[in-house]
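Let's walk through this structure together, one region at a time. Please have the sequence and the 3D view open as you read.

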Amino acid sequence: MPVRSSLRTTVSIATLSFAFGALFLTAPAYAAKPVGSDKGAETEQEGGGDKTGIYAAARITYSGSVAPNGSKGNVTSADVNWTPPPCWYAPYLGAKDFKKKMSAEIDEAASAPGMTGTPAAAIGQTKAHYEDEYGWTDTPGYKDYNVAKDGEGMFWAGVENPNEPDYLKRNSCTDLPFWVDNGEAPPPQYEEAITPEILAALAYQHMELPGTEVTLAPAGATKVNLPTWAWLDKADFHEVQATASIDVPGFALSATTTAKPVSLKLEPGTPDAETYPASGECTINDDGSIGEPYAKGKADRTPPCGIKYLRSSGDGTFDLQATITWEIAWTGTGGAGGDLPDGTFENAQAVTVQEIQAVNR
């Protein structure tokens, strides 16, 4: 077994717990997290010190149209196979701070009762990796935690996505922390290292789309077999942006994700109804609006976007579902950019449908 795999397997068997506050070593392997990342990012999150006074800078800042307190936004990907990254590697600590944390926790683990055999070997190899240049293929070791290069780079470590529900996926960035010089790209074997595209996907995950309510005419209550007009004004139906960025000494990346509304789908809330057009899919107009406002004199016309209910809602209402589809694109540091899967956001509104009463004389 290669040395690197052997070390990780040994660590897995040891099931050690290095309580770094946010940096930790557990089964099945190793994962490290910037302070506070397990609580979810904040809308305007900045680097800061933990209770030890050690600076942990690699936090992602979200701005623009995003959910508050780092919570997940309200946009749903139209592609059921697409998911945001469950974890990634990002700058964590400078050499001196990393040495202070890691060496203290290694010494504490080594002195724990019963720490012999395989667990002891795992601790010894980890210590040798950072102190005595013990390495393996494509992963060199370090001399005294790279302290001689303090300020010239940072140790990077795995970061969980706190909004990822799958525990195993969330904890899959398990390689030991590695050094990256300022201005240099991470080694190619770390495919999950933070990139503008990853930031764009995270901005997408945190994006908050406007909860626009479709305008209906008649507005209060409609009638059976009476075409009900539906529309969205341009002012209520505009593109939104969310930005995710990371900025630490010697390393800065940013990506902005833009959502542009492209269509509205109406679902009447009952099979006893017809939609206009028949598909229920109302496309966006040249001026950015959807549908057409009702005005006097249009009673005999078919609405370009609307519904006709074929039965009364009785003493209740029908739940009209208005689903807006948004086209998602992103741009990032260095001219990077591309498309992400379309997003959808569904609004529900109650519609009262009354029966027209005929009076016989």
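Contact here means heavy atoms within 4.5 Å. Setting aside its neighbours within four places in sequence, L264 is in contact with V214, L232, G280, E281, C282, I290, C305, A322, T323 and I324. A word on the source: this is a predicted model, in which local features need pLDDT of at least 70 and side-chain atom pairs count only at pLDDT 80 or more, while totals for chains, interfaces and linings use all residues. Residues are numbered from 1 along each chain as its sequence is written, and side-chain values use heavy atoms, with hydrogens and water left out.

L264 also belongs to the largest nonpolar core (buried Ala, Val, Leu, Ile, Met, Phe, Trp, Tyr and Cys residues joined through side-chain atoms within 4.5 Å; buried means under 20% relative accessible area with a 1.4 Å probe, protein chains only). This core has 75 residues, of which I194, L264 and L266 touch the most other members. The top contributor is strand β19 (residues 318-332), with seven residues; strands are DSSP runs of E, at least two residues, and helices runs of H or I, at least four, numbered from the N terminus.

Next, find helix α2, residues 95-110. Its buried residues are A95, F98, K101, M102, S103, E105, I106 and A109.

Finally, turn to an open antiparallel sheet of three strands, ordered β7-β8-β9; strands pair if DSSP finds at least two bridges between them. Because β7 (87-93) and β9 (178-181) are edge strands with a single partner each, one side of each has no neighbour in the sheet. β8 (residues 153-160) and β9 pair over four bridges, and W156 stands opposite F178 in β9.

Technical notes: Buried < 20%, exposed > 50% of the residue type's maximum accessible area, 1.4 Å probe, protein only. Expected span 1.5 Å × (residues − 1).
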